[in-house]
Amino acid sequence: MDFSGKVAVVTGGANGIGRAVSLGFARQGAKVVVVDRDAEAGAAVAAEIGRAAIFRAADVTRSADVQAYVQAALDSFGRIDCFHNNAGIEGKVAPTAEYDEAVFDAVMGVNVKGVFLGLRHVLPVMIRQRGGAVVNTASIAGMIGTAGMPAYVASKHAVMGLTKVAAGEVGPLGVRVNAICPGPIATRMVQDIARQVSPNNPEGLEARYAGSIPLRRYGTAEEVANLVLFLCSDLAGNITGAQYAIDGGRTAAPVGIS
Ligand code: NAD
């Protein structure tokens, strides 16, 4: 996959999956705009890439911040070919009957409104260019329910809805929009969830969950980055409006009876 001459924007690019995607795009020749509210880690990723990257501090829930990172990409590199609309938060683990309203709003703000605002301000650029590829980060929580995560599951199902609508709208204009649905990936986010659910033995919980996955392990951020780059590349030229599980087989074949 050759991204020479291409420009990629990655939200949530400071850590975890977004960091691996930012580094992956740079390794394949792209110019990269790393976007995150974590200024220290975001600047470190851009510094690691060097002159082919810039960092923009932004809160993806704020329209002005989103417009500013889009403008920064255009000012620095002139175009946006690939957009990984990825920033997200997990919220708290609690049943729907007890779920905190403010946490629900916060999760929907980042995971749904943040993804919407990214599409709202990047798609016009790609439409003008008559080309581009967007990958929204959903989750297997956008395909199936998980007890104890009502806000997260609802937000990731909403990402699937936004993906399908945008794909239908901009397909005729040469722009592709897909979603990825990672299962558990070894990043800070899954560690936080494990600590919330099992504060005394988060590793034990992770090992039990891994046992329910056909490949018997969590994925890596680099494996997710490979999928994002593929979907943004010309190799995926006929793929739009699709959702790709990258979950070691978790949703296809969870624990069996044999
Ligand atoms: P992470 O916490 O390592 O990275 C998330 C990044 O998003 C952080 O750098 C954080 O600062 C940034 N971010 C959060 N809110 C933001 C905001 N309002 N504005 C700007 N930046 C913000 O987690 P990750 O696992 O890399 O998660 C990346 C995406 O993958 C998320 O959308 C998450 O829901 C999704 N996902 C993760 C997993 C997993 O198992 N790790 C599974 C499925 C989906």
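These are my notebook entries on a sheet, a ligand shell and three helix pairs in a predicted model.

**Entry 1: the sheet**

I started with the strands. I found an open sheet of 7 strands, and the pairing is parallel. Reading across, I wrote down the order β3-β2-β1-β4-β5-β6-β7. Which strands stand at the edges? They are β3, residues 53–57, and β7, residues 243–246. Each has a single partner strand, so one side of each has no neighbour in the sheet. I also looked up the twist, which averages 15° from one strand to the next.

I reminded myself how such pairing works. Strands of a sheet pair through backbone hydrogen bonds, either parallel or antiparallel.

Next I picked one pair to follow. Strand β4 covers residues 82–85, and strand β5 covers residues 132–137. The two run parallel and are joined by 4 bridges. I traced one bridge myself: His84 has Val135 in β5 as its partner.

**Entry 2: around the ligand**

I then turned to the ligand. How many residues are around it? I noted 28. Gly12, Gly16, Gly88, Ser139 and Thr187 come nearest. Three elements give two or more residues to this shell: α1 (16–27), α4 (101–129) and α6 (188–197). I sorted the shell by class and got 12 nonpolar, 11 polar and 5 charged residues.

**Entry 3: α1 with α8**

Now the helices. Two packed helices are described by the angle between their axes and the distance between the axes.

I took α1 with α8 (residues 221–232). They pack at an angle of about 55°, and their axes are 8 Å apart. That angle makes α1 oblique to α8. The crossing is right-handed.

Which residues of α1 make the contact? I listed Gly16, Ile17, Arg19, Ala20, Val21, Gly24 and Phe25. From α8 come Ala221, Glu222, Val224, Ala225, Val228 and Leu229. By class, this contact has 9 nonpolar, 2 polar and 2 charged residues. I noticed Gly16 again: Gly16 is among the residues that come nearest the ligand, and Gly16 is also in this contact.

**Entry 4: α4 with α5**

I moved on to α4 and α5 (residues 150–170). Their axes come within 9 Å and cross at roughly 15°. The two helices are therefore roughly parallel to each other. I recorded a right-handed crossing here.

The contact list is long to copy, so I kept part of it. On α4 it includes Val103, Phe104, Val107, Met108, Phe116 and Leu119. On α5 it includes Ala151, Tyr152, Lys156, Val159 and Leu162. The contact divides into 17 nonpolar, 2 polar and 1 charged residues.

**Entry 5: α6 with α7**

Last, I checked α6 against α7 (residues 202–210). At what angle do their axes cross? I read roughly 110°, with the axes coming within 8 Å. Because angles of 65 to 115 degrees count as roughly perpendicular, α6 is roughly perpendicular to α7. The crossing of α6 and α7 is right-handed.

From α6, the contact uses Gln191, Ala194, Arg195 and Val197. From α7, it uses Pro202, Leu205 and Glu206. I counted them by class as 4 nonpolar, 1 polar and 2 charged.

Key. Residues numbered from 1 in each chain as written. Predicted model: local features only at pLDDT ≥ 70, side-chain atom pairs only at ≥ 80, totals over all residues. Pairing = 2+ DSSP bridges. Axes fitted to C-alpha atoms, helices over the stretch in contact; angles between N-to-C directions. Near = placed C-beta within 6 Å. Nonpolar A, V, L, I, M, F, W, Y, C, P; charged D, E, K, R; others polar. Parallel < 35°, antiparallel > 145°, perpendicular 65-115°, else oblique. Left-handed = near helix turned anticlockwise from the far one by under 90°. Contact = placed C-beta atoms within 7 Å.
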